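Colleague: I've got this model open and I'd like a close look at one part of it, then a walk through whatever surrounds that part. Here is what I'm looking at.

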Amino acid sequence: MSGTFPSSPAPSALKIQSYQPTRVSLAHNLRRSTRTTGAQRWVITADWVGLSRAQFAPIQAFLLSQRGQWDSFTAALPVHRSPQGPATGSPVVNGTAQQGRALATRGWTASTAGVLKAGDFIGISGQSKVYMVTADANSDASGSATLAIEPALMVSPGDGVAVLVRSVPFTLALGSDTLESAVAPGGIYNFSLQLVESF
């Protein structure tokens, strides 16, 4: 791990992809059969347009220090630093031996509708995988809420471990060993970068 991606200047555009490999086959009668391993990772494409050399240089230097796809780093997605829901309280994992696509949590502000909303990202302290909430979650009178998430939990978290809901850190690596930027007349830099989740 080699640091945190520079937060400024923010990308002009951001594309977020979820990659979930599935094996699909068709029988002679065209019946469809599918298999999946349950694997999933995020792929981020970021574009910067109209940067000056002074703005671009720190980004270029940071990326060069990654030595191609060798190293990894953390970054929070600019548009998703704050959840859509209020996400108030101090949420933690509620119970041990959890698995699957539901995460029991506690520590939210009690009786809050939409404490997190579908499309919010969450992380679990001590783990590098990022999950997406797939349905609005409401906290009950005791401040507990069960979160529907995708993908399924990769590792069962411990009871009382913090649930990260703001500026969720993605652990990323470069998607290619080649860095390329375009310089327009007047020293204006345009740059596109693909990053893949690394956990």
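Which residues of helix 1 are buried? Please start there, and then take me through the rest.

Modeller: Happy to, and keep in mind throughout that this is a predicted model. The buried residues of helix 1 are Phe56, Ile59, Phe62 and Leu63. If you look down the axis of helix 1, these buried residues fall within an arc of 125°, so they line one face of the helix. Turn to the face pointing away from that buried side and you'll find the exposed residues Arg53, Ala54 and Leu64. For those labels, buried means under 20% relative accessible area and exposed means over 50%.

As for the helix itself, helix 1 covers residues 53–64, which makes 12 residues. From its first C-alpha to its last, helix 1 reaches 16 Å, close to the 16 Å expected at 1.5 Å a residue. It's also the one helix you'll find here: the secondary structure comes to 1 helix and 14 strands. So far as the whole protein goes, buried residues make up 35% of its 199 residues, and the C-alpha trace spans about 60 × 55 × 25 Å along its principal axes.

Now to the strands, beginning with strand 4. Strand 4 takes in residues 41–51, while helix 1 takes in residues 53–64. Strand 4 has pairing partners in two places along the chain. One partner is strand 1 (residues 13–19), and the two run antiparallel over 7 bridges; within that pairing, Lys15 stands opposite Thr45 of strand 4. The other partner is strand 14 (residues 188–197), again antiparallel and over 7 bridges. There, Ile44 of strand 4 has Leu195 as its bridge partner. If you want the chemistry behind this, strands of a sheet pair through backbone hydrogen bonds, either parallel or antiparallel.

Strand 4 also turns up in the largest pocket. That pocket holds about 220 Å³ of space. Of the 21 residues lining it, the closest to its centre are Phe5, Pro6, Ala75, Ala76 and Pro78. Strand 4 gives the most to this lining, with 3 residues, and both strand 4 and strand 5 (73–75) supply at least two residues each. By class, the lining of the largest pocket has 16 nonpolar, 4 polar and 1 charged residues.

Ala76 leads us on to another space, since Ala76 is also among the residues lining the largest cavity. The structure holds 1 cavity of 30 Å³ or more, and the largest cavity has a volume of about 30 Å³. Alongside Ala76, the cavity is lined by Leu77, His80, Arg81, Phe121, Ser167, Val168 and Phe170. The lining of the largest cavity divides into 5 nonpolar, 2 polar and 1 charged.

Next, the sheet further along the chain. An open sheet of 6 strands has the order 6-7-10-9-8-11, with antiparallel pairing. Strand 6 and strand 11 are the edge strands, each pairing on one side only. Inside that order, strand 7 and strand 10 pair in the antiparallel sense over 4 bridges, and Ala102 has Ala148 in strand 10 as its bridge partner.

Last, some backbone details worth clicking on. The peptide bond from Ser8 to Pro9 is cis, with omega near -5°, and Pro9 is found in the segment before strand 1. A cis peptide bond also joins Glu150 and Pro151, with omega about 0°; Pro151 lies in the loop between strand 10 (145–150) and strand 11 (163–164).

Then there are two alanines to check. Ala87 has a positive phi of about 50° although it is not a glycine, and Ala87 lies in the loop between strand 5 and strand 6 (89–93). Ala97 has a positive phi too, about 55°, and is likewise not a glycine; Ala97 lies in the loop between strand 6 and strand 7 (102–108). Their surroundings are opposite: Ala87 counts as buried at 1% relative accessibility, whereas Ala97 is exposed, with a relative accessible area of 65%.

Methods: Residues are numbered from 1 along each chain as its sequence is written. This is a predicted model: local features need pLDDT of at least 70, side-chain atom pairs count only at pLDDT 80 or more; totals for chains, interfaces and linings use all residues. Side-chain values use heavy atoms; hydrogens and water are left out. Two strands pair if DSSP finds at least two bridges between them. On a 1 Å grid over the protein atoms alone, a cavity is a set of points where a 1.4 Å probe fits but cannot get out, and a pocket is an open set with protein on both sides within 12 Å along at least five of seven lines; lining residues have an atom within 4 Å of a point. Grid points are joined across faces, edges and corners, and a volume is the space filled by probe spheres set on the points. Ala, Val, Leu, Ile, Met, Phe, Trp, Tyr, Cys and Pro count as nonpolar, Asp, Glu, Lys and Arg as charged, and the others, Gly among them, as polar. Buried means under 20% relative accessible area, exposed over 50%, partly exposed in between (1.4 Å probe, protein chains only). The expected span of a helix is 1.5 Å times one less than its number of residues. The arc is that of the directions from the helix axis to the C-beta atoms.
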